[in-house]
Amino acid sequence: MREEKSGQSRAGRQKRRERLLDAADARLLMLHILAQRSAHGYELIKAIEELAGGEYAPSPSLIYPNLTLLEEMGLIAPAPDGGDKKAWQLTTAGQDALAEQQEKLTAVTARLKTLAVLVANRDIPAISEAIHLMKSTLHQRLAQADLSPATLAKIVSALEKAAKDIAAS
């Protein structure tokens, strides 16, 4: 099995940590999850990760400050049955705010689900190997110092043709 840049195999790769969600998206997802059940911060992280099919997990630095903000806005409150960890529940104002943003919630959850599909399709062995071959061939060729303008034009043309063929497939 080919190794990823991180040194981990595809099966053991790390979750995506890039900024897939902005703070407003994260708050909306948190309200959505809390509308279903009370939860503490870690449970919210795991629930969002589950929505993304395991391919993205928001960082605690995105979740915890937004929990504080949501509480200050009156949209969530500490749950009385939180146990050892501080759990949160949706307030009536939070339910109203969530109801007003259903269209945006649908778009955010669709983006997370699309990520899971994208990664699953990228992991198809033939696709993965073809991507690897394209990248390595391109890197080898572009690492040559003496590329003529004509050669660069051929490379650009080949890449554009490949992109159009893929889009048309």
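# Briefing: helix α1 and its surroundings

Of the 169 residues in the chain, 29% count as buried. The structure is a predicted model. Its secondary structure comprises seven helices and three strands. This briefing begins with the chain as a whole and then turns to helix α1, its packing against helix α5, and two of its residues, D25 and R27.

**The chain as a whole**

- From one end of the sequence to the other, the helices and strands follow the pattern α-β-α-α-β-β-α-α-α-α.
- The accessible surface of the chain is about 10,700 Å², and carbon and sulfur atoms account for 56% of that surface.
- Considering contacts between residues at least 6 apart in sequence, 54% join residues that are at least 24 apart.

**Helix α1 against helix α5**

- Helix α1 covers residues 23-36, and helix α5 covers residues 102-122.
- The axes of the two helices lie 10 Å apart and form an angle of about 100°.
- Angles of 65 to 115 degrees count as roughly perpendicular, and α1 and α5 are therefore described as roughly perpendicular to each other.
- On the α1 side, the residues that meet α5 are A24, D25, L28, L29 and H32.
- On the α5 side, the residues that meet α1 are K104, L105, V108, T109, R111 and L112.
- Sorted by class, this contact between α1 and α5 contains six nonpolar, two polar and three charged residues.

**Residue D25**

- Is D25, a residue of helix α1, buried or exposed? Its relative accessibility is 5%, and because residues under 20% count as buried, D25 is classed as buried.
- The side chain of D25 is joined to the side chain of K104 by a polar contact of 3.4 Å.
- Which residues does D25 contact, once its neighbours within four places in sequence are left aside? They are K104, V108 and R111, and these three residues appear among the α5 residues that meet α1.

**Residue R27**

- R27 also belongs to helix α1.
- Leaving aside neighbours within four places in sequence, R27 is in contact with N66, L69 and L70.
- R27 and P65 are separated by 38 residues in sequence, and the distance between their C-alpha atoms is 10.0 Å.

**Points to retain**

- Within helix α1, D25 has contacts with K104, V108 and R111, while R27 has contacts with N66, L69 and L70.
- D25 is buried and takes part in the meeting of α1 with α5.

How values were computed:
Residues are numbered from 1 along each chain as its sequence is written. This is a predicted model: local features need pLDDT of at least 70, side-chain atom pairs count only at pLDDT 80 or more; totals for chains, interfaces and linings use all residues. Side-chain values use heavy atoms; hydrogens and water are left out. Helices (H or I, at least four residues) and strands (E, at least two) are DSSP runs, numbered from the N terminus. Buried means under 20% relative accessible area, exposed over 50%, partly exposed in between (1.4 Å probe, protein chains only). A polar contact is a pair of N or O atoms within 3.5 Å; within protein, one must be able to donate a hydrogen and the other to accept it, and residues adjacent in sequence count only if both atoms are side-chain atoms. Contact means heavy atoms within 4.5 Å. Axes are lines fitted to C-alpha atoms, for helices over the stretch in contact, and angles run from 0 to 180 degrees between N-to-C directions. Angles under 35 degrees count as roughly parallel, over 145 as roughly antiparallel, 65 to 115 as roughly perpendicular and the rest as oblique. Ala, Val, Leu, Ile, Met, Phe, Trp, Tyr, Cys and Pro count as nonpolar, Asp, Glu, Lys and Arg as charged, and the others, Gly among them, as polar. Accessible areas come from the Shrake-Rupley method with a 1.4 Å probe; for residues, only the protein chains shown count as cover.
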